[in-house]
Amino acid sequence: MSKLTEEETKLRLITPAIDERGAGWSTQKIQMEQTFTDGRIIVDGNKTRRGEKKKYDFLLNHNNNRPLAIVEAKDNQHSVADGMQQALEYAEILDVPFAYSSNGAGFREHDRLTGLERELKMNEFPTPDDLWSRYEKHFGVTEYEDRIINEPYYFNLESKQPRYYQRIAINRTVDAVSRDQKRILLAMATGTGKTFTAFQIIWRLWKSGAKKRILFLADRNILVDQTIQNDFKHFKDSMHKIGDGTGSKVDTAHEIYLSLYQQLAGDDGEESFREFQPDFFDLIVIDECHRGSAKEESQWRKVLEYFSSATQIGMTATPKETENVSNEEYFGAPIYRYSLVDGINDGFLAPYKVLRVPTNVDAEGYVPEDGKRDINGELIETRQYSTKDFDKTLVIDERTKAVAERITEWLKKNDRFAKTIVFCVDQDHAERMRQELNNLNADLVQKDSRYVMRITGDDNVGKRQLDNFIDPAETYPVIATTSMLLTTGVDAQTCKLIVLDKEIESDIEFKQIIGRGTRIREDFGKNYFTIMDFRGVTRKFANDDFWSDPEQVKVLNPGDSIEGPRTEIDSENKDDFHDGQTHSEGDGVDPETKQRFRKKYINGVAVKIYSERVQYYDENGKLITENLTTYTKENVHSKFANFNEFLSQWNQSVHKKDMGSRPV
């Protein structure tokens, strides 16, 4: 046979063997040469470009929900099996059970259900019924299950098709429910469309009749309202928000219910959920389930246990596994995971730069001179204060100003209207940071006072502006200072700068904060975001186990006690103890504790930026230093002719102290 290109091989030989001229796959069931990733965004300085997209040759579908086979083609100068490695790679990514390769002279089949391979002639390619029968037989699909798993997605001319990973999450969940699995966990990174995924799961289970009354639980009003206005709007009059002010909480005229955990749990032992019968709901979907639903002593857990007969699906970006809290112990191991790294590598999530900017007092510590007094005239204990102390027990005015100046400098250099979130130690710190940023950007504040705002749990004025802050079409507010309110769940699509000026011990909290910047909005010039770190928090990125899946820590044996310390707080309405407020008598805090933790405010300290390191993470998770600047002129500029000479010696030096400069 004469030499054919790959395209000619597909057109003349492979397609006729598969379609209605051969194995009988209709045009509607064949997708050809389609990409399924967007290509990783590669940041080069301030410019970006897209990497290569992943694209398959043929994807064969049982229906629009269920791909069954993938076929990778090679030209007729290759062997029949030369495309198998790529076919298997894509089949694993796309969760497709059958993989094929072909050179136009035959097919090589790999059955991922059994692990077996075989050679097929060109006229032996399986029919759609053949493959579906093999799939059903392997999994023992019953007639009842078949009806549920073949229920179509919601679709209209304006709706979006699920991305490949959303399809996998939806299908695996629907399959599990059809098999009567009662507890299910999905782990999907922030920004990957968990709510859209939840909608399609609920839609298919509802329309198939498998689940008739369904409850969607979230822990913040804004999340419930966003869900109603966006993805869930297609439920129309079948949907009801519990406690929406229109009447009784109990309204049995609807089928799709949405509520806050806190509303159902109630205050002061009210337990509003008991107004419903225990078997009222068939299905409960729990958004951000790491935030308490799997905690044994949580009020939220009472809600789930009361409706224990319902199928319960937990969704989170960050499964929690500690000695006292275990998502897996309650829901089981995740049936699907799609991580932040997956999303960035596929080009669905924004990559990030890390700008580490310690001040001199953070890098070297601060020791007050003997007799140093705070602004109230009280003596300051003479000891070394470190980053963990600043703004928690000791407030240095000049440090706050130095941080605000660096933020403002970045905005003026890049985009003064770039949406920015500044994470502070507590509400007092957030207010002081707001004041400094206000004064440094007075020209824009004069035009609109909302240019910089504190948005915290107990600031009603700030909270009323939250919708405007996260709305891409709204210019103001531009800068939001916060402590806990914006750590999770808030869809800040156009956020370009995340500032870390607080200690963050929890990997989960840190990942949730980073998630505020991971949305891509190319129409608003948002292709990547910057993390400006004043506290060294981003060192967590370098931990070997940071990106790995959490291991279940809580192990229960028969007869073991499952009681743990009852320490949970609602992080939307409460900050750390160090809230900068004066506690009144009878507030439950003893005077000795108040005195011990009362902040000391000082000024007159020389604070300056100590060094700056700009880093980014490549597709393999390797930390790359893009730029390094040190401000210790007497130790660096006097010893090296230029930055390149310094960096060269830095990289070659075994002991950094040998260079005569302080390490950064």
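Is Phe232 buried or exposed, and what is its relative accessible area? I put this question to the model, which is a predicted one.

**Entry 1: Phe232**

I found Phe232 to be buried, with a relative accessible area of 0%. I count it as buried because that value is under the 20% cut-off. I located Phe232 in the loop between α7 (221-229) and β11 (239-241). Leaving aside residues up to four places away in sequence, I listed what Phe232 touches: Thr195, Phe199, Ile202, Phe216, Thr227, Met239 and Leu258. I also looked up the spacing to Gln200, which is 32 residues away from Phe232 along the chain. The C-alpha atoms of Phe232 and Gln200 are separated by 9.2 Å.

**Entry 2: the chain as a whole**

I noted 20 helices and 25 strands in the secondary structure of the protein chain. The chain has 664 residues, and buried residues make up 54% of them. I then considered contacts between residues at least 6 apart in sequence; of these, 69% join residues at least 24 apart. For the accessible surface of the chain I recorded about 30400 Å², with 44% of it belonging to carbon and sulfur atoms.

**Entry 3: Gln465**

I turned next to a second loop residue, Gln465, which lies between α16 (460-464) and α17 (466-470). Gln465 has a relative accessible area of 15%. I therefore enter Gln465 as buried, since 15% is under the 20% cut-off. Not counting residues up to four places away in sequence, Gln465 touches Arg450, Met453 and Pro477.

**Entry 4: aromatic pairs**

How many aromatic pairs does the count come to? I recorded 34 aromatic pairs. Phe36 and Tyr164 form one that is edge-to-face, with 5.7 Å centre to centre and 85° between the planes. This pair links distant parts of the chain, as its two members are 128 residues apart. I placed Phe36 in the loop between β1 (30-35) and β2 (41-44), and Tyr164 in helix α5 (residues 164-178). Both Phe36 and Tyr164 are buried.

I then examined Trp132 and Tyr135, an aromatic pair that is stacked, at 5.0 Å centre to centre and 15° between the planes. Both residues lie in helix α3 (residues 128-139), where they are three residues apart, about one turn of the helix. Trp132 and Tyr135 are both buried.

Which residues do ring pairs link into a cluster together with Phe36 and Tyr164? I listed Tyr56, Tyr90, Tyr165, Tyr338 and Phe348 alongside those two.

**Entry 5: lysines over rings**

I looked up two cases of a lysine lying over the face of an aromatic ring. Lys160 lies over the face of Phe196, at 4.8 Å from the ring centre. Lys207 lies over the face of Trp206, at 5.1 Å from the ring centre.

**Entry 6: helix α14**

I closed with helix α14, which has 14 residues (427-440). From its first C-alpha to its last, α14 reaches 20 Å, close to the 20 Å expected at 1.5 Å a residue. Where does the side chain of Asp426 reach at the start of α14? I found a side-chain oxygen of Asp426 to within 3.2 Å of the backbone nitrogen of Asp428. Asp428 is itself buried in α14, as are Gln427, His429, Ala430, Arg432, Met433, Leu437 and Asn438.

Note on methods
Residues numbered from 1 in each chain as written. Predicted model: local features only at pLDDT ≥ 70, side-chain atom pairs only at ≥ 80, totals over all residues. Heavy atoms only, no water. Helix = DSSP H or I, 4+ residues; strand = E, 2+ residues; numbered from the N terminus. Buried < 20%, exposed > 50% of the residue type's maximum accessible area, 1.4 Å probe, protein only. Contact = heavy atoms within 4.5 Å. Phe/Tyr/Trp six-rings, centres within 6.5 Å; stacked < 30°, edge-to-face > 60°. Lys NZ or Arg CZ within 6 Å of the ring centre and 35° of its normal. Areas by Shrake-Rupley, 256 points an atom, 1.4 Å probe, with all protein chains shown as cover. Expected span 1.5 Å × (residues − 1). Polar contact = N/O pair within 3.5 Å; in protein donor to acceptor, adjacent residues only side chain to side chain.
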